[in-house]
Amino acid sequence: MNKKISDKDKKDWQNFVSSKEKLLNKDLYSNKNQIQKEIIKTIDLHGLSLQNANNILEEFITKCFEKRVNKIIVITGKGLRSKNDENPYVSKDLSILKNSVPEFIKSNSDLMKKIKNIKEAKVKDGGSGAFDIFLKNFKE
């Protein structure tokens, strides 16, 4: 049984394959009638001072929450090139942004009201030089 594929089906398939649109993550369906689109934003804090990074990130989290972003990837770097060895009061074993920025977020009660979870990023998103922030739904 040899079926011919219509020109319309071929065109639809080519459009689908060439489209950059991603399939929705099935784990984000709150129920079968409601589809929640996954929205991910990334912010890179390389080269910023701790205070500047905290201020920028606080504003970024608030804006992302208001725009219903699901996940934020925060790139801090691993601290390998930081100049913390010039300061005798800073341990060379600790990178400044990598450890301090998540602590700043966790100590900020207003930000934590918007956040479900914070965890180290997947390797493809920066691994130990980044972390993920999963935001609550705007309605929660």
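**Overall fold and core of the predicted chain**

The accessible surface of the chain comes to about 10,900 Å². Carbon and sulfur atoms contribute 50% of this area. The model is predicted. Of the 140 residues in the chain, 26% are buried.

The chain holds 4 helices and 4 strands. Along the sequence, these elements follow the pattern α-β-α-β-α-α-β-β. Sequence-distant contacts feature in the chain: among contacts with a separation of 6 or more, 57% link residues 24 or more positions apart.

Strand E2 (71-75) pairs with two other strands, E1 and E4. Strand E1 (residues 40-44) runs parallel to E2, and 5 bridges connect the two. Within this pairing, Thr 42 has Ile 73 of E2 as its bridge partner. The path from E1 to E2 passes through H2. This β-α-β crossover is right-handed. The pairing of E2 with E4 is antiparallel and also involves 5 bridges. Here Val 74 stands opposite Phe 131 of E4. Strand E2 is mostly covered, with 4 of its 5 residues buried.

The largest nonpolar core contains 19 residues. In soluble globular proteins, nonpolar side chains tend to be buried together. The members that touch the most others are Leu 57, Ile 61, Ile 72, Ile 105, Ile 133 and Leu 135. Two or more core residues come from each of helix H2 (50-66), strand E2 (71-75), helix H3 (96-107), strand E3 (115-120) and strand E4 (130-135). Helix H2 gives the largest share, 5 residues.

Ile 72 is one of the core members with the most partners. Leaving aside residues up to four places away in sequence, Ile 72 touches Lys 41, Ile 43, Phe 60, Ile 61, Cys 64, Phe 131, Asp 132, Ile 133 and Leu 135. Three of the residues named above for their core contacts, Ile 61, Ile 133 and Leu 135, are thus among the residues that Ile 72 touches.

Helix H2 also carries Glu 59. This residue is partly exposed, with a relative accessible area of 48%. That label applies because the value lies between the 20% limit for buried residues and the 50% limit for exposed ones. Glu 59 and Leu 111 are 52 residues apart along the chain. Their C-alpha atoms are separated by 9.6 Å.

Key. Residues numbered from 1 in each chain as written. Predicted model: local features only at pLDDT ≥ 70, side-chain atom pairs only at ≥ 80, totals over all residues. Heavy atoms only, no water. Buried < 20%, exposed > 50% of the residue type's maximum accessible area, 1.4 Å probe, protein only. Contact = heavy atoms within 4.5 Å. Areas by Shrake-Rupley, 256 points an atom, 1.4 Å probe, with all protein chains shown as cover. Core = buried A, V, L, I, M, F, W, Y, C linked by side-chain atoms within 4.5 Å. Pairing = 2+ DSSP bridges. Right-handed = clockwise from strand over helix to strand, strands pointing away.
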